[in-house]
Structures are given as structure tokens and as C-alpha cells.
Amino acid sequence: MESGNTILNATSLVNRIRGVKETENLSDIDDYISRLKREKLTKTVVLVGVTTSSVAAGAIETKSAIENYIAERELDIDIVEVGSNGLCSFEPLMDVQIPGKSRIVFRNVKANDVPFILDGTLNNYLPPDNVVGQYRSQLHQPWMGIPFLDEIAFFKGQSRDILALSGIISPASIEEYIAFGGYSAFTMAISRLTLEDVCNTIEKSGLRGRGGGGFNTGQKWKMALAETANQKYFVCNADESDPGAFMHRLMMESNPHQIIEGIAIASYAIGASKAYLYTRNRYSITVQRLENAIQQAYNAGLLGHNILDSGFSLEIILRKGPGAYVCGEETALISSLEGKRGAPTLKPPFPTQKGLFGKPTVVNNVETIANIPLILRKGAENFALKGTEKSKGTKLFSVSGKVNITCLVEVPLGVSISTLVELAQGVPKGRKLKAIQMGGPSGGCTVPEKMNTPIDFETLKAEGLAMGSGGITVLDDTVCIIDTIKFFINFIQYESCGKCIPCREGSRRMYEILESITRRPVNDEGHNTLERFKGIILLESLAEVMRDTSLCGLGQTAPNPVLSALKSFREEFEEHIFDRKCAASVCRNLRTFYIDVDKCTGCSACAKKCPTNAIIGTPRSPYFVVEEKCIGCGVCETTCKFGAVFFK
Amino acid sequence: MVEKILQKYSHAGRDSLIPILQEIQDSIGYLSEESIEMLSTHLNLASSKIYGLATFYNQFRFKAKGKCHIQVCHGTACHLLGAVTIIEQIEKQLLVKVGQTTRNGNFSLEVVSCMGACAHSPVIQVNGVFRSHLTEATFKELLEELIETYRTVNK
């Protein structure tokens, strides 16, 4: 990107947003910015969404197919890697922008579809099966007959602030982020605002922690600001580890600089000269993009010593968490940063008084941080326009499970749960919505009748649900609630750090009770049955004790799935316990097997393998299963060569 | 190799313990007994403390990976679509247990809490390459392919 004699780079863009008189020609910079924003193009650009999620769908293969296509035909076309626009089920996503024309989005572009789609697009024919829509732009000529993205229900129903640039800009380029207004909030803060000003603005906006706790962020910062210490720390918790939640990963991979800017502002506001960004080692693409973003910010002079001559210095250190769910808890995260086992400690003292290495520390969730640059740029009042009276702003949700479109969405707080299911286009055809699990293993499930519950911190708490970090799993009638809860409790008992007894022992016992519900006992007599019932009777009180006496958030919220399911799906528990039936046929030990009379050849193979001798018959004529004796182990099904064994 | 890493962290304190362990694992594939002994002398920290830390986190392993390292995603979305069956089938057919490596060093199996590719579940990774949207048929094919490939490798 050269223009005249001066090489335009991030530094000149930074000078531009600071209003520093420059040596470069201003119109050159304007030109450069509009090229970065892809308003003026000289050649066609193909943009491929490359994120953790799309790589699983084959985005790397798609990208190399595009490279081959261009090389074979010797075309002059740029390829750019971008993030995700949230439509995960449509991955691999590919955008094409031809000079003068609107940018267009294609879905499900597998490697062997590339030549066909590109052939068509470059010759003004768009294959209708693959088109999602086009971006609206005053500067470009729109394609005929193609819907604009903002007219499509998926984007229309959202309010995209944090995700405004996701899928649009290249995450590997600091220049593009600055061209779209990035880092202007940070440079403004360090040159014109005092520390109190920043804290006040954030407090006034009403932003509350997005990690699940919901504490006012501005107030938390003020607590740390009020402390006197020679060193303060800021920690950004980007260790997303809820199973079935992926919103923070996609957000960071799509726009990493937004996080870096947020951390820089937050560190300035509390007077910290050292900040830690704690993400998970396993997310290799996330780690790589964040590392690159930090390096670029250093190179542009936006991090380091005496940033832009303001007197403020900041060092951001990326730490790759080695994987422990409990490290989402702030004191456990601090222990992990100190090089210890990630076990939580008692509060008080709060981390804002005595945190990392005994110094005042603020720990914020990564989504909270993503909001910070936007609040400073657009003003606290603007932020507070969205949301409800007590829960302001927007929130990211990842909707997965039994839905038509697994997606990442951003909606204002206060919308109903049903909005999220509608954005994901509901459950697959012919199925019935059964429940919605909110907040992963620490949240609860709700029934379709309560779908109109508004999503805000207070209402969800009153309903016994939790926002958690924002992972939503939709369950349809093919799912067994008991099995799903057992999955969550198994996860908790594995991830429990073992420091306090209620969580360590409670979660294990709870898992055993659920296991006994879904297991068919060999006989129904004697001591075993009594013990089993005793466990079930105590399930509810065990859950309550765990909730009330655990040390940290992990143990306190762990019983939520059990308690909420007991409230909403009591019949299903009873069906499992008394009738020994699982209506959805998910709990495998409760299945009863039958033999198809037409398919059975009477080879007697299953009867020989059956551990309880439940299969009887005479050779060369169909066998049958004695229901009372069957323990549902499934050996007969795997043994049968003719597919005659089936279950109900 | 471990010496080089330790040289890099010449004045490190305990807070560098996790990054050092991660670098060791990245370079030699696992945390060997010798490397932990060396680290213990280097940091002047009892090796029991290092083991205490390393066993706490899911990332660290104390045995080398197999030639074919399989990671199965067990997030909520994958669980709903049969991750349990996938794990069971792998254990049964490849004769490997979760978190272990087979004695001939061919296969190792790891269960991951969530890979973040919920839209494409059930997902598994074979030596870092994703296999998504597994069905009964494609999974069976994959297993046969793996058994075939690594049987010939062993000869």
C-alpha cells in the first residue's frame, strides 16, 4: 500500500485519529482509508471466513481451492481471511466484492463448489442455492434480485454493536480496524480524559459484567482505582469453557483488536501498567490472532512505554490457559496466573483490594471488555438506550443444539427467549421444542410455555435460570432431560477443583444418583432398591446444600440444572424412576429390546450372548425377548447379523 | 531441547511455571519425568508441586501421544448428537482408553470439553484434522480407514 513517496501505515492512521498534523498528504490518507474500508476497489476481492468453527466445516480447503482457481486462470484477485458473521451452520462462508458492485455473501461453499460459484459471479450470474445476501452500500451498485443482509430475518432481528465489524474486516489487520474507527476511543481517553472520567462514563452507561455475575463494571473499576498501590493489574478473562458455547471465541477471532483496545482503556482507567489476557491454549486460531493483534498494537505505538507521549505505559501479556473450567472464577483465574492450581480463594479480600501477586486487580470478562471502546466512542447515553432499566446494552448468545441454524447472535437485553430460538429458525422440521437450556452447566432449563420471559439479569434469577456467559442449547423431543443433566453434572464433577467438600463430594453423589436413575437394576428386590430410592429422595436437598455452602460460583451454580429440571420436568424423572422408561430412548440402559419376527432366522447367536438369558426360542424359528429379564445392555443388537433386533 | 527452553526463562519465577510447561509439552509432545526434574532444579521448586499443578489442568499429558491422536468433542451439541457412542466405539474398535495411548504407540484418545464447532457436530479431530457432521456411516468408514492405515504403518 504505497502512495507517492510516503508509506502509509498504522502509525499515520493513528496520527490521523489523534488529529496530529501530518507530513503526509491528507487526501492520500483518505484514499487509503476508503481502500481499507473496501469502499473503493481496484480489483476483485474474495473474502473467506476462517474461524475455529468454519475450519471444522472445511474453510481451509475452500481457501486453497480459491487460491488454485485464481492461479490457474491467472486472475488478479485478492484473497482476504475474515472472521465470522455468526451464521455458523452456513459455513464455509465466502464473500465476493467486484469493483463498483456490492459485496455478496455465499453460504456452504465447499472446495469443489468454488469454481462454479466464482465462474458465475465473475460473469454476473449468481448461483441461487448458495447466495445469502448482499451488503447495503450507497457507494456500490447493488445486485439485482438479491436480498440485502439487513432485510434478512437473521440480521434484522439483531442489534449488532460488538459484532458490527465481525465477518467484515480482516482480523489480521490493525489498519482496517483503525479505518473503521478503532483505537479512537483509547487515544481519546489517554489524551483527554482522566482516570475518574473513564470510570464515571462506564458506570453511567450501566454496563454489567457479562461473565454471569452481573456486577456493575464502572463500580468495580472505581473500587480498584480507590486503592493505593505501587502496582495494579488488569486481567481479561477470555477462557471461555462452557461446553456448547462459542460466542467469545468467534468474537475474538473476528475482531481481536476490539479486545486489545478495551483492555488498554480498562487498564488506563484503573491505573494498571500491566494487563493479562487469559485465553485457552486449545483455541489455536484465537491465540494466534490475539498474539498478532498485540504485536501490531506494539508496533503502531499503541502499547508499550509512554504511549503516544501521554505518560501512560501498558504491557499486555497473553497467557494461554491450560484448560480448567473453574478458572472462569476470578480468584481461581488469579491463582492460575500466579502459577498455582486454579483453586478459588475466599472473598473478601476481593481481588480489587488484594488480587494478583497481592496487588489490586480487576478481572473482567472478555465480552464486557468488548463493550468498552464502543461506550467511549458513542457515549454512555447511547449505550443505555438499549436494554432494560437495570440491564443495559446488548449481549452475545450462541444458539446451538437442535436448531436449524446454529448461530452467534447479538440482541439487546430484555428480549424474550423465543427471539433467540426464532433467530436460529426453530427446531428441525417435524420436531417439537421441549426445553431451552440457558447458561450451560451453571444455568437452568426452561419450558416452551415460559419462552416469553425477558432475558435480563433480574428476571432470569427470579425464574431460577442464569444468563451464564450466554450459551443457549435448544432441546427438542428427541432429547432426554435426565441424560442432558447427567452430562452437565458429569462435566461439573470432572471439573470441580476439589477444594471445598460440598462441590467435590456433592457433584459426585449427584452424578451417582442420576446414574442410578438411568440404570436398570438387575433385580428389584432387597437393599439396593431402597438405597436407590433414598438417593433420589435426597437429590433435591443435596442440590440445595450444594448451592448454599459451596465456596465459589462453580459449586453454587452447579445444582441449577437439576433444580430447574426437577421443577419443570418432574414427570420425566418419575417416568425414569418408576416406569423405568425413557420416552426419548436416549438412556440406553432403560431400553427394552425386541426381535423382528420377519427378520430373525433363528441362528441363536443373540441367545448365547445374552448375559441374563432373556432371549429364548428354538433354533431355526424366531426368538423372542423376555421383557422382565432384559437389562437393556444391547449385546443382542450388536451380535445380530440380520438387523432383527430393535428397541423401543 | 528442554535446556534451551529453561535457558530462555533464566530468571523466571513461579508465575512462569505454566508457560514453561506448555513450551516443554509443545516441543517434546508430553511432560517427561526428566523434564520435570530439570524444571524443579531450575525453579528451585519441589517436583511434587509441579506435578500437583500439571495434573490439575487438562492440557498436560505425561505420556507421548500416539501416531494417530484422536480428539473427540464432548460439548453439549456433540453430546446430543451421540458423542458418547463415538467415544465408546473408538475405545472398543481401536482398543484405546480415554486419556491413554495404546501400547504399540499407534493410537491415543482424548476427550475435549468443547471445540467450539457446535454447528458442525459431532466433531472429532484426527491428528489435528477436523472430521465434522459424522454419521454412523462416515464414522464407520473413518474407523476402518484408521485401522487399515495404522496396521500397515506398524509393519
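When I call two helices oblique, I am using a convention in which angles under 35 degrees count as roughly parallel, over 145 as roughly antiparallel, 65 to 115 as roughly perpendicular and the rest as oblique. What you have in front of you is a predicted model, in which local features need pLDDT of at least 70 and side-chain atom pairs count only at pLDDT 80 or more, while totals for chains, interfaces and linings use all residues. Residues are numbered from 1 along each chain as its sequence is written, chains are lettered from A and ligands numbered from 1 in the order in which they are written, and side-chain values use heavy atoms, with hydrogens and water left out.

Let me start with three helices of chain A. The axes of helix α21, residues 527-549 of chain A, and helix α23, residues 560-568 of chain A, come within 9 Å and cross at roughly 140°; here helices (H or I, at least four residues) and strands (E, at least two) are DSSP runs numbered from the N terminus, and axes are lines fitted to C-alpha atoms, for helices over the stretch in contact, with angles running from 0 to 180 degrees between N-to-C directions. α21(A) and α23(A) are therefore oblique to each other. On the α21(A) side the contact, meaning heavy atoms within 4.5 Å, is made by L539(A), E540(A), A543(A) and R547(A), and on the α23(A) side by V562(A), L563(A) and L566(A). By class these residues divide into five nonpolar, no polar and two charged, where Ala, Val, Leu, Ile, Met, Phe, Trp, Tyr, Cys and Pro count as nonpolar, Asp, Glu, Lys and Arg as charged, and the others, Gly among them, as polar.

Moving on along the chain, the axes of α23(A) and helix α24, residues 570-579 of chain A, come within 5 Å and cross at roughly 90°, which makes α23(A) roughly perpendicular to α24(A). A565(A), L566(A) and S568(A) of α23(A) meet R570(A), E571(A) and F573(A) of α24(A), and this contact has three nonpolar, one polar and two charged residues.

How, then, do α21(A) and α24(A) pack? Their axes are 12 Å apart at an angle of about 170°, and the two helices are therefore roughly antiparallel to each other. The residues that meet are R532(A), F533(A), I536(A), L539(A) and E540(A) in α21(A) and R570(A), F573(A), H576(A), I577(A) and F578(A) in α24(A), a set that divides into six nonpolar, one polar and three charged.

Turning to chain B, we find seven helices and four strands, and read along the sequence they follow the pattern α-α-α-α-β-α-α-β-β-β-α. The C-alpha atoms of chain B fill a box of roughly 55 × 40 × 25 Å, taken along the principal axes.

Now the interface. The contact takes 54 residues from chain A and 37 residues from chain B, and the area buried between the two chains is about 3,400 Å², of which carbon and sulfur atoms give 56%; buried area is the accessible area (1.4 Å probe) that two parts lose on being put together, summed over both. In chain A, the residues that lose the most area to chain B are R282(A), P322(A) and F487(A), together 18% of what that side buries.

Which residue of chain B forms a salt bridge with R282(A)? The partner is E110(B), with the closest N and O atoms 3.4 Å apart, a salt bridge being a side-chain nitrogen of Lys or Arg within 4 Å of a carboxyl oxygen of Asp or Glu. Two salt bridges are found across this interface, and a search of the whole structure finds 39 over all chains.

Finally, some backbone details. Most residues other than glycine have a negative phi, and most peptide bonds are trans. A cis peptide bond joins P348(A) and P349(A), with omega about 5°, and P349(A) sits in the loop between α14 (330-337) and β11 (361-365) of chain A. In chain B, a cis peptide bond joins S121(B) and P122(B), with omega about -10°, and P122(B) is placed in the loop between β2 (107-112) and β3 (124-126). N124(A), although not a glycine, has a positive phi of about 65°.
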